[in-house]
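Here are my notebook entries from an afternoon with this fold. I went through the cysteines, the sheet and the core in turn.

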Amino acid sequence: MTIITYVDASGHSSTVDLPDGWTLMQGAVTNGIEGVLGECGGSCACATCHCYIEQDRLGELPVMSSVENDMLDQVAAQRQMNSRLACQIKIGPHLQGLRVELPSVQE
Ligand code: FES
């Protein structure tokens, strides 16, 4: 289990303990965290799981695929250098305590 904190655009935070192997998208949707839709179910085809990862932990994430990179060009909120798709990031002990910020819009 790994503790992840989601912070919505209004600054409200939710800290949850998630099973390793889940994705950040699954963790948010399963816990009813607003700000992540995950409409395609995690197949990197909708861009409604856009999130912002704290800058100093970006290096702990898997390398972005070209498909994810292309999808990030279609997100509703502004893409930033720390933008990722939550369905492409698997949770594990290396992400303990990660803070994930969510955009104000997803579509
Ligand atoms: S859930 Fe659709 S791209 Fe992540």
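**Entry 1: cysteines**

How many disulfides does the count come to? I kept in mind that this is a predicted model. The count comes to zero disulfides. I looked up C44, and its nearest cysteine sulfur belongs to C87, 5.2 Å away. That pair is not a disulfide, because the sulfur atoms would have to lie within 2.5 Å. I then checked C51, which is in no disulfide either; the cysteine sulfur nearest to C51 is that of C49, at 6.9 Å.

Are these two cysteines, C44 and C51, buried or exposed? C44 counts as buried, at 9% relative accessibility. C51 is buried too, with a relative accessible area of 0%.

**Entry 2: the sheet**

Next I traced the strands. I found an open sheet of five strands in the order β2-β1-β5-β3-β4, with mixed pairing. β2 and β4 are its edge strands, each pairing on one side only. On average, neighbouring strands are turned by 35 degrees against each other, direction ignored.

I went through some of the pairings one at a time:

- β1 and β2 run antiparallel and are joined by six bridges; T5 has T15 as its bridge partner in β2.
- β1 (residues 2–7) pairs with β5 in the parallel sense over four bridges, and Y6 stands opposite V100 of β5.
- β3 (residues 50–53) runs antiparallel to β5, with two bridges between them; here Y52 stands opposite E101.

Which residues of β5 are on its covered face? L98 and V100 are, while R99 and E101 are on the uncovered one. So I have both faces of β5 in the bridge list, because V100, opposite Y6, is on the covered face and E101, opposite Y52, is on the uncovered one.

**Entry 3: the core**

I moved on to the largest nonpolar core, which has 27 residues. The members that touch the most others are I4, Y6, L24, I53, L85 and V100. At least two residues each come from β1, β2 (13–18), α1 (24–30), β3, α2 (66–72) and β5. α1 gives the most, with three residues.

I picked L85 for a closer look. Leaving out residues up to four places away in sequence, L85 touches C44, A47, C49, H50, E68, M71, L72 and V75. C44 from my first entry is therefore a buried neighbour, since its relative accessibility is 9%.

**Entry 4: S83 and A86**

Where is S83 placed? S83 sits in β4 (residues 83–85), and S83 is buried, at 2% relative accessible area. I looked for polar partners of this serine. Its side chain makes a polar contact with the side chain of H50 at 2.8 Å, and also reaches the backbone nitrogen of Q80 at 2.8 Å. Beyond four places in sequence, S83 touches H50, C51, Y52, M64, L72 and Q78.

A86 lies in the loop between β4 and β5. A86 is buried, with a relative accessible area of 2%. Outside its neighbours within four places in sequence, A86 is in contact with T23, L24, M25, C49 and C51. I also noted its C-alpha separation from A28: 8.8 Å, although the two are 58 residues apart along the chain.

Key: Residues numbered from 1 in each chain as written. Predicted model: local features only at pLDDT ≥ 70, side-chain atom pairs only at ≥ 80, totals over all residues. Heavy atoms only, no water. Buried < 20%, exposed > 50% of the residue type's maximum accessible area, 1.4 Å probe, protein only. Pairing = 2+ DSSP bridges. Core = buried A, V, L, I, M, F, W, Y, C linked by side-chain atoms within 4.5 Å. Contact = heavy atoms within 4.5 Å. Polar contact = N/O pair within 3.5 Å; in protein donor to acceptor, adjacent residues only side chain to side chain. Axes fitted to C-alpha atoms, helices over the stretch in contact; angles between N-to-C directions.
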